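Student: I am new to this structure and would like a close look at one part of it. Could you take me slowly through how a pair of helices packs together, and what lies around that place?

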Amino acid sequence: MTAPLIAVLGSVNMDLVTTTDRRPEPGETVLGSGFTTVPGGKGANQAIAASRAGGRVEFLGAVGTDMFAAQLRGTLAESGVGTARLRTVDGPSGVASIVVDDGGENTIVVVGGANARMTELTEDDLSVIAAADVLLCQLEIPVPTVTAAARHARAHGTIVILNPSPVQDLSPDLWAHIDVAVVNSGEADRLDAALASVPHLVVTLGADGARYRGPDGTELAVPGIPVDVVDTTGAGDAFTGTLAVSWPDGPAAALRLAGAAGALATTRLGASASLPDRAEIAAAVERSDSTPAHRPAAP
């Protein structure tokens with residue numbers, strides 16, 4: 001079978017990652033134990049995750065003219081992501097300042113940079129969206145651009161998956177064009193009423209796995225896969241990118257593969273560097289299925 005074509009519209013950032021025993025309280029200074037720069041951004045992370053999970057991926061976004069731009073573009077290309085629609089704009093690229101503590105929990109501040117300049121879609125951008133099987137979006141670029149993309153996708157039969165993060169109030173016009181929403185439990189609580197209009201809702205639950213609600217009220221729950229957590233940065237992006245590639249196989253299969261990808265991503269430091277490939281994901285699902293807790297009950 002031909003791998004699904006995923007158009008990812010979103011952000012690409014350089015992540016500035018500091019590790020420390022514990023994250024500082026307001027006004028407090030703590031000593032860090034390490035520092036590294038890792039290409040990231042929710043859009044780029046999800047694009048790389050989708051590519052590594054077996055999808056054909058085209059990325060629509062923007063980098064700046066600073067020292068980070070070439071590395072950001074190169075990381076996407078080296079991961080098999082198409083970059084023909086990755087534009088260059090004057091000024092800085094997006095950056096994210098990330099602090100990770102010994103428990104793997106993180107605090108993140110994102111500065112949009114070039115991502116904030118994604119204020120319109122070209123005819124070539126729209127052609128990529130129309131030709132795709134799935135359009136995958138987040139909210140680290142201007143929301144009107146996401147809305148225009150979702151509307152165009154719906155008009156051309158492209159499935160629209162939205163990860164509404166960072167969480168914010170959105171117009172009914174955008175929600176009306178979303179087929180699948182992927183949120184964590186906090187985002188689900190915040191967006192509660194708005195999510196009721198989305199046909200397919202996926203809620204990630206961290207170590208507890210994920211749950212799904214379909215348009216006919218069908219509900220599924222997929223348990224988490226136990227792992228030794230190093231850094232949770234990028235876990236949600238690994239989940240969402242893998243879900244997009246696996247969605248044509250149905251929600252149950254997609255959630256199992258996405259859950260495995262999200263779990264594996266927490267075992268490594270950084271976002272894009274932590275994203276697993278299809279073989280790793282399949283092996284994790286197989287291991288999970290072979291444990292007593294996941295074996296089907298005897299008839």
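Tutor: In this predicted model, helices α1 and α7 are oblique to each other, because their axes cross at roughly 50°, an angle that is neither under 35 degrees nor within the range of 65 to 115 degrees that counts as roughly perpendicular. Helix α1 covers residues 42–52 and helix α7 covers residues 235–246, and the two axes come within 7 Å. The sense in which α1 and α7 cross is right-handed.

Turning to the residues that make this contact, α1 contributes Lys 42, Asn 45, Gln 46, Ala 49 and Ala 50, while α7 contributes Asp 237, Ala 238, Thr 240, Gly 241, Thr 242 and Val 245. Sorted by class, the contact of α1 with α7 holds four nonpolar, five polar and two charged residues.

One residue of α7 in this contact, Val 245, leads on to an empty space, the second largest pocket, which holds about 170 Å³. This pocket is lined by 11 residues, and those closest to its centre are Thr 2, Ala 3, Pro 4, Val 245 and Asp 249. Val 245 therefore belongs both to the contact between the helices and to the lining of the second largest pocket, where a lining residue is one with an atom within 4 Å of a pocket point. By class, the lining of the second largest pocket consists of six nonpolar, three polar and two charged residues.

Key: Residues are numbered from 1 along each chain as its sequence is written. This is a predicted model: local features need pLDDT of at least 70, side-chain atom pairs count only at pLDDT 80 or more; totals for chains, interfaces and linings use all residues. Side-chain values use heavy atoms; hydrogens and water are left out. On a 1 Å grid over the protein atoms alone, a cavity is a set of points where a 1.4 Å probe fits but cannot get out, and a pocket is an open set with protein on both sides within 12 Å along at least five of seven lines; lining residues have an atom within 4 Å of a point. Grid points are joined across faces, edges and corners, and a volume is the space filled by probe spheres set on the points. Ala, Val, Leu, Ile, Met, Phe, Trp, Tyr, Cys and Pro count as nonpolar, Asp, Glu, Lys and Arg as charged, and the others, Gly among them, as polar. Axes are lines fitted to C-alpha atoms, for helices over the stretch in contact, and angles run from 0 to 180 degrees between N-to-C directions. Helices (H or I, at least four residues) and strands (E, at least two) are DSSP runs, numbered from the N terminus. Angles under 35 degrees count as roughly parallel, over 145 as roughly antiparallel, 65 to 115 as roughly perpendicular and the rest as oblique. A crossing is left-handed if the near helix is turned anticlockwise from the far one by less than a right angle, and right-handed if clockwise. Contact means heavy atoms within 4.5 Å.
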